[in-house]
Amino acid sequence: MADDPGGAPSGLQPPASNLKATPLFLSVLLIAACGLIYELVAGTLSSYLLGDSVLQFSTVIGVYLSAMGLGSWLSKYVHRNLARRFVEIELAVALVGGTSAPILFLAFARTHTFRPLLYGEVIAVGTLVGLEIPILMRILKDQVRFKDLVAHVLTLDYIGALFASLLFPLLLMPKLGLVRTSLLFGLLNGIVGLWGTWLLRTQIGETFWLRLKGVMVCALLLFGVFEAKRFTLAVEEEVFADEIVYAKESPYQRIVLTRGRGSFQLFLNGNLQFSSADEYRYHEALVHPALAARPRARRVLVCGGGDGLAVREVLKHPEVREVVLVDLDPEMTSMARHQPLLRQLNGGALDDPRVKVVNADAFVWLTEEQSEPFDVALVDFPDPNSFALGKLYTTRFYKLLKGRLKADGIIAVQSTSPLMARQSYWCVATTLEASGFKVRPYHLAVPSFGVWGYMLASPGDFEVPAHTLPGLRHLTDEAMMAMFAFPADMSRVPAEVNRLDNQVLVQAYTREWKRWS
Amino acid sequence: MNGDGRMKRRTFLALSAAASVACRRRPGFEASLIAPDMATGHRLRQGGLPEPDRWEDVPILIVGGGIAGLSAAWQLDRLGLREHLILELEPAAGGTARGSRNGISPHPLGAHYLPAPPREHADLVELLGETGAIESFGPDGEPRYAEHMLVREPEERIFAGGQWWEGLYFHAGANGEDLRQLKRFQAEVDRLAAWRDGKGRPAFGLPRSRGSDAPEVRALDGVTLADWCNGHGLTSPRLRWMLDYACRDDYGLRLDETSAWAGLFYFAARQQGPHDRSRPILTWPNGNGFLVEHLARQAGHRLRTGHAVASLRTTSTGVEARVLEVATGRMLGFRARRAIFAGPLHLAGAVVEGLKADRGSSLEAFHRSPWLVVNLTLRKRPREVGFPMAWDNVIRDSPSLGYVVATHQRGLDAGPTVWTWYHPFTGEEKAERARLLAMDAPACAEMALADLERAHPEIRELVARVDVARWGHAMVRPRPGFCWSEALVRARQPFGPIHFAHTELSGLALFEEAFDHGLRAAREVNALYRSGSRST
């Protein structure tokens, strides 16, 4: 770098005879937009995957801007054939910036080197983008008066950034998602590079190989745009159909709240937990049959259900004096209290004086807690798609739960879909029976989920309740009766007992749901 | 916060300014040696200890509070001989079956599981019944074990080709021949498990005293497991890796050093019949420390820890023991009618006066593998690729045995945990022992971390503390010819009023064997003590 200390003259450039300034100014606009998009992609991706968005955005923006400074400084060492260098830089930005989102997703899913790659990518793109503008200005310096040049280039640079910063959250993220946005803007950058081979053809010299390179870069990115969906599925990185309004990676799970089409949805590890459009069906069915079967319930336990929606239903029963909610994840219960959409939906249920929130693994809590027994327990865990969740559907868990119930206590258990995962559903029934419960299975349709199933169970004999609370949105006495009738395609099938030392439910569940994905 | 501070130092330097924003400094961790008490052993070997200033009389003295000694005491109680004392050198009973605990979790320091015994093993079933490990008995009389004490699924996984896979046998990428050989091996084990001799005994029993001594069974002890495999055309690298792992795991030996009898014992003795490949396994967060604690509770004040027996001498009326009380440095004397020596036999040679002269060569036939057990307390779990964390986690391309997760059995699937990492030293015994004992706690921690880095590159960033157990004589080595040797038979014989109980006397280091020898020695003492009582 030090072999040319004096700052060389750019005297080797041929006269800029038929160079068109206006199209080159337009390319500044596009370049600026692309540059900002890469920065936003990196910031969003890191907040999304690592949580703590303030830290992620600050560091990404800081590193990106300083890398641009580095690029600008390095530009003084670029002497020969500025036009060719400009095109090459464009293609490099296209490639590095365009593939950044898919590569970072892959790195996160498959390697341990996400952060080095993230900042490496931010530095690379920042440096290249930092090189672009000074070089372009030097190409144009003989064409345009210096004061106009600076004014136009910087104006368009900032306007481009404005376009990008508005497009990204309003249109690109919701409609295209991170991976396709990144690839699409890489493609745009590549096209600017290719376009440059025509705009600057008098200065570039040999163009065939350069254009071939450009075409290859664009073809690769185009291919990526079309394959993006398959790719994101392949790295198990679901593309949310709607706008993400909240995303948090807790030590236990990835919590994502999305909003769109007049409702909002909660996802845990990419699995839909509820949609505000029809969650009332699900939660009324989980809560009210059990409380109808034990009309004078005082103490109610809710396992899982950190969203507070089941608690909201429980609190509709004035005779309930105390609700203990045991949910693993403090992020989840904190979100239920403070996230405005969710708080509105659950009516601030978790701040009701009757409610006590415990952040603990229900499995461990049940072995350690020795409080007064409960009248009713509502078990609202995510489906058993992992061993960690599967343990919450074992005889061990149900026996521990039975130990915390009054002799005539009653429980309701969400038990996945009897239609989509029939074997799994009846495995839950068999396991409850093996744990000493009398079981009454029931189900209803929740449009977001499909046909959904529950178990009503008690250590003692009990009848299906006839009367539910009046004034509910879905549940009536007739609707409740109907839930306990099973049509032929969901009727009981023989199933093994799910135990800690066999975890047959996880295997059955994974096998059955694979057919529908 | 999630994900902070995960970078390696090199990368950190390479990315200097940019990365420093996101990266925390690598936190240090404390590493300490927690077992065994080497200083006291050293002090005893130096000699020059004074005579005891007071003597205590006790009918039966048990030297060593490991599984064999504790089991002997348990059996003496069952026989109504409640007047006995157990002297244990270490501050806690249990020997290599000890557990420990810290703020995060109880964890093992050595042996950590027990195959759930069938009803035939009535003594052990009775012991387990006392601990609450048996919920009920089936109509066939088979015990039904408590669900939370049986290993929770997933039981084991293997790290190979950059990710984790289910099970111990590396199935992914196995070709047809590999799988055929695996099947053939399993068929051979099934055949051995179903085999009965003329007296109806199985080829391999647990404990081994229940098994057959027929010539065709004993003949297996004449060759190595590697030779046996060669003879059966079992050449698949995947299968041989698994068998080698089993040898290292149970005996601290390699495939080509282990007696075929001992190697096949590992597989066939746990099966009741050909269709019983998955004998359930009992385990606890503190490993076999759970059983130690139960036995120690039964012994109560009769168990005296921190009591190092310097010498055991036969007298006209029984035995005299000279004992160093570790905490005070005082010498205590004990006179007993009978003694059970329940320590390893190299210590018997040093402690029991006249034993070396009488049966030195048989004592020298015993060889033992040193083991290093490192407990790593993690602030949080590493990110991983592939099959989720299991109870037992094995790294294929590693000389270690991998690690067990102490919090697995409690159902803690996220957050801080303790991993117990095992490494057997399989090389030449004396050199390996010297190598192990030369390592201080940080060196032991480094060995574990360097090994775990193969599968968990970020492991160093997650470690909060490290507790090390260096077992110089952890496991007796069943080399060919040893398990059915005269030396082994000879070593089981009482030496005057002194009886012997230790898993080494089976040539195999297993809970069931230690338990069996404890019970046998107690019965020997019972028979002689009662007949002696009548004559005096």
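Analyst: Quick ground rule before we start: two strands count as paired if DSSP finds at least two bridges between them. Also, this is a predicted model.

User: Got it. What makes β10(A) and β11 of chain A a pair, and in which sense do they run?

Analyst: Pairing takes at least two bridges. β10(A) and β11(A), the latter covering residues 450-458, share nine bridges, so they pass, and the sense is antiparallel. For one example, Lys438(A) has Ser458(A) in β11(A) as its bridge partner.

User: Which strands of chain A are called edge strands, and why?

Analyst: They're β7 (355-359) and β10 (438-446) of chain A, since each pairs on one side only. The sheet is open, with seven strands in the order β7-β6-β5-β8-β9-β11-β10 (chain A) and mixed pairing. On average, neighbouring strands are turned by 15° against each other, direction ignored.

User: Which helix packs on the sheet at about 160° to β8(A)?

Analyst: That's α10 of chain A, residues 279-293, and the strands it touches include β5, β9 and β11 of chain A. Helix α16 (residues 395-403) of chain A lies across β5, β8 and β9, at about 140° to β9(A).

User: How do you know that the span of α3 of chain A agrees with its 17 residues?

Analyst: At 1.5 Å a residue, this helix (residues 82-98) should span 24 Å; the end C-alpha atoms sit 23 Å apart, so the two agree.

User: And why is α3(A) called mostly covered?

Analyst: Buried means under 20% relative accessible area. Twelve of the 17 residues in α3(A) are buried, so "mostly covered" fits. Among them are Leu82(A), Phe86(A), Ile89(A), Arg84(A) and Glu90(A).

Note on methods: Residues numbered from 1 in each chain as written. Chains lettered and ligands numbered in written order. Predicted model: local features only at pLDDT ≥ 70, side-chain atom pairs only at ≥ 80, totals over all residues. Heavy atoms only, no water. Helix = DSSP H or I, 4+ residues; strand = E, 2+ residues; numbered from the N terminus. Axes fitted to C-alpha atoms, helices over the stretch in contact; angles between N-to-C directions. Contact = heavy atoms within 4.5 Å. Expected span 1.5 Å × (residues − 1). Buried < 20%, exposed > 50% of the residue type's maximum accessible area, 1.4 Å probe, protein only.
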